[in-house]
Amino acid sequence: MTGRFITLEGGEGTGKSTQIKRLAKALEAKSVKVLATREPGGSPGAEQIRKLMVEGEPGRWDAITETLLAYAARADHVSRTIGPALLEGSWVISDRFNDSTFAYQGAGRGVDRETIRRIDSAVLDDFQPDLTLILDLDVSIGLSRANGRPGSENRFEKFGGDFHEKLRQAFLDIAKRNPDRCRVIDASGSEDQVAEAIFAAVSRRFDL
Ligand code: TMP
């Protein structure tokens with residue numbers, strides 16, 4: 001694949017979608033062709049699966065069903081959106097990818113890591129992001145930002161504070177285990193500061 005695949009990860013309200021828009025603009029200013037996408041979602045079928053995952057009550061799905069929904073959406077997203085874009089040389093920036101399943105369904109909801117790893121390997125083979133930016137933020141600040149959003153659709157915001165603290169630790173743990181792929185970004189600064197930190201990490205990684 002000729003493009004680059006960058007993912008942004010982190011808990012609720014860490015500012016990923018704002019930062020993806022900023023990063024896309026900064027890369028486009030360097031004449032890079034960019035496709036911004038998201039998970040769950042990013043293809044028509046996966047957007048339908050997204051609704052199943054993010055709407056309704058916390059207990060709507062058990063943890064393993066939720067894991068399989070995430071990977072069903074991901075399989076469609078990779079084969080119909082991400083893969084073709086990379087093949088034509090675009091840089092793909094995804095708001096969440098497989099680390100979110102290890103954090104939310106694994107650390108948060110208790111599916112063991114080896115089970116997720118096996119599903120991951122069956123669905124994705126060795127396909128991995130080239131770079132993952134983990135936006136790290138105090139959980140109470142993130143949740144209050146997320147709850148303040150108009151039309152907030154998200155079922156996962158209704159899981160308790162403990163759940164979200166586990167997610168934060170899980171993302172930091174993923175970063176520690178994958179130091180070549182992951183960079184932790186302090187998301188507590190201003191929007192400009194975070195955008196600068198992200199662009200610096202991307203520039204260093206890809207020699208821009
Ligand atoms: P967001 O894109 O607004 O963050 O909402 C997506 C929600 O879906 C978010 O709460 C995290 C959750 N999610 C999972 O639980 N597992 C996954 O694999 C992915 C990609 C997202």
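Let me start with helix H1, on the side where Lys21 and Lys25 are exposed. Before going further, note that this is a predicted model.

H1 runs over residues 16-28. Its 13 residues should span 18 Å at 1.5 Å a residue, and the C-alpha atoms at its ends are 18 Å apart, so the two agree. Opposite those two lysines are the buried residues of the helix: Lys16, Gln19, Ile20, Leu23, Ala24 and Leu27. They cover an arc of only 140 degrees around the axis, which puts them on the same side of H1. For anyone who wants the general reason, an α-helix has 3.6 residues a turn, so residues three or four places apart point the same way.

What do the buried residues of H1 pack against? The list is strand S1 (5-10), S2, strand S3 (91-95), S4 and helix H8 (191-206).

H1 also takes part in the largest pocket. That pocket has a volume of about 740 Å³ and a lining of 36 residues. Nearest its centre are Lys16, Arg50, Arg96, Arg149 and Asn154. Lys16, then, turns up both among the buried residues of H1 and in this lining. The largest share of the lining, 5 residues, comes from H1. At least two residues each are supplied by H1, strand S2 (34-38), helix H2 (44-54), H3 and H4.

There is a closed space as well. How many cavities of 30 Å³ or more does a search of the whole structure find? The count is 1. About 140 Å³ of space lies in the largest cavity, and 17 residues line it. Of these, Gly11, Glu12, Thr14, Leu137 and Arg168 lie nearest the centre. Strand S4 (131-136), helix H6 (139-147) and H7 each give at least two residues to the lining, with H7 giving the most, 5 residues.

Now the nonpolar cores. The largest has 27 residues, and those with the most contacts inside it are Phe5, Ile82, Phe97, Tyr104 and Phe127. Helix H3 (63-87), helix H4 (98-108), helix H5 (113-124) and helix H7 (161-177) each supply at least two residues of this core. Another core lies apart from it, with 21 residues, among them Leu8, Ala24, Leu135 and Ile198. Ala24 brings us back to H1, where it is one of the buried residues.

Take Phe97 as an example from the largest core. Leaving aside neighbours within four places in sequence, Phe97 is in contact with Phe5, Thr7, Glu9, Glu39, Arg74, Val78, Ile82, Leu124, Phe127 and Pro129. Those partners include Phe5, Ile82 and Phe127, which are also listed among the residues with the most contacts inside the core.

Leu124 in that list leads to H5, where it is buried along with Ile116, Ile119 and Asp120. Seen down the axis of H5, the buried residues fall within an arc of 105 degrees, so they line one face of the helix. That face packs against H3 and H4. On the other side, Arg118 and Ala122 are exposed. H5 has 12 residues and reaches 16 Å from its first C-alpha to its last, close to the 16 Å expected at 1.5 Å a residue. Just after the helix, Asp125 takes a positive phi of about 60 degrees.

Note on methods: Residues are numbered from 1 along each chain as its sequence is written. This is a predicted model: local features need pLDDT of at least 70, side-chain atom pairs count only at pLDDT 80 or more; totals for chains, interfaces and linings use all residues. Side-chain values use heavy atoms; hydrogens and water are left out. A nonpolar core is a set of buried Ala, Val, Leu, Ile, Met, Phe, Trp, Tyr and Cys residues joined through side-chain atoms within 4.5 Å. Buried means under 20% relative accessible area, exposed over 50%, partly exposed in between (1.4 Å probe, protein chains only). Helices (H or I, at least four residues) and strands (E, at least two) are DSSP runs, numbered from the N terminus. Contact means heavy atoms within 4.5 Å. The expected span of a helix is 1.5 Å times one less than its number of residues. The arc is that of the directions from the helix axis to the C-beta atoms. On a 1 Å grid over the protein atoms alone, a cavity is a set of points where a 1.4 Å probe fits but cannot get out, and a pocket is an open set with protein on both sides within 12 Å along at least five of seven lines; lining residues have an atom within 4 Å of a point. Grid points are joined across faces, edges and corners, and a volume is the space filled by probe spheres set on the points.
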